[in-house]
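Please take a moment with the sequence and the model before reading on. The paragraphs below lead through the helices and the places where they meet.

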Amino acid sequence: VVVAMAGSWSSILAVWELCFLVVDFCGQAVDNFGAEIMMAEELEGLVSRFNVLAAVVRRAGFMLEVPLLVMTQSCVLVLGLVATRFIYGELTEEDFAMVANVGLIVLMVFWLFSSMAVVNLKMDRLPALLTARNFGYEIDHDKQCAVIDLQACDAGLKMLNVRVDRRTI
């Protein structure tokens, strides 16, 4: 039983770590693009680089959907089984250990969703960062078009086409 539990935890931790690395990569990419905006001499090329960033973040979100759904659904399944055993009065010490393990997995998934929400918050702030820049023109129509494009893109990490933020967690 101990070997099986250790094997399952190692696979769960490996999947969780991979998902966390993907989310962290997206956060670092958004931070890097924000630094590019601040150091840009002109507007040229920023929109195309943002489109690449948005595509990478969107693809990462698609990649994260299945592992996160499997982790959350397996937690719901185990809790349902334990609840059924509770109703019929057949609880054992192993059931309490399963509930503790499920609780830990739920916390890990919540941490991932919180990290995804931070990445989306950073993505939402990029248009304001571009608006704050002055490229030497009093009225800069190109910059306003770029800001509108960044806002309309709706880039970010999504779960089943729902944008992950603090409200949806």
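What follows goes through the helices, then their contacts, and ends with a single residue.

This is a predicted model, and a convenient place to begin is helix α2, which covers residues 46–87. At 1.5 Å a residue, the 42 residues of α2 should span 62 Å, and the end C-alpha atoms of α2 are 59 Å apart, which agrees with that expectation. The helix nevertheless has a kink of about 30° at E65, and this kink lies shortly before the proline P67. Just after α2 ends, G89 takes a positive phi of about 70°.

Helix α3, made up of residues 93–132, has 40 residues and reaches 59 Å from its first C-alpha to its last, which is close to the 58 Å expected at 1.5 Å a residue. Here too there is a bend of about 30°, placed at L126, and a proline, P127, follows within four residues.

Both of these helices meet helix α4, which runs over residues 141–153. How do the axes of α2 and α4 cross, and within what distance do they come? They come within 11 Å of each other and cross at roughly 10°; because angles under 35 degrees count as roughly parallel, α2 is described as roughly parallel to α4. On the α2 side the contact is made by V47, F50, N51, A54 and R58, while α4 contributes A146, D149, L150 and C153. Sorted by class, the residues of this contact of α2 with α4 comprise 6 nonpolar, 1 polar and 2 charged.

The axes of α3 and α4 come within 9 Å and cross at roughly 175°. Since angles over 145 degrees count as roughly antiparallel, α3 is roughly antiparallel to α4. In this contact L126, P127, L130 and T131 of α3 meet K143, A146, V147, L150 and Q151 of α4, and the residues involved divide into 6 nonpolar, 2 polar and 1 charged. The bend residue L126 and the proline P127 are thus among the α3 residues that meet α4.

Finally, consider I12, which has its place in helix α1, residues 2–39. Is I12 buried, partly exposed or exposed? Its relative accessibility is 23%, so I12 counts as partly exposed, given that buried means under 20%. Leaving aside residues up to four places away in sequence, I12 touches I105 and M108. I12 and T72, in turn, are 60 residues apart in sequence and 12 Å apart in space, taken from C-alpha to C-alpha.

Technical notes: Residues are numbered from 1 along each chain as its sequence is written. This is a predicted model: local features need pLDDT of at least 70, side-chain atom pairs count only at pLDDT 80 or more; totals for chains, interfaces and linings use all residues. Side-chain values use heavy atoms; hydrogens and water are left out. Axes are lines fitted to C-alpha atoms, for helices over the stretch in contact, and angles run from 0 to 180 degrees between N-to-C directions. Helices (H or I, at least four residues) and strands (E, at least two) are DSSP runs, numbered from the N terminus. Angles under 35 degrees count as roughly parallel, over 145 as roughly antiparallel, 65 to 115 as roughly perpendicular and the rest as oblique. Contact means heavy atoms within 4.5 Å. Ala, Val, Leu, Ile, Met, Phe, Trp, Tyr, Cys and Pro count as nonpolar, Asp, Glu, Lys and Arg as charged, and the others, Gly among them, as polar. The expected span of a helix is 1.5 Å times one less than its number of residues. The bend at a residue is the angle between axes fitted to the seven residues ending there and the seven starting there. Buried means under 20% relative accessible area, exposed over 50%, partly exposed in between (1.4 Å probe, protein chains only).
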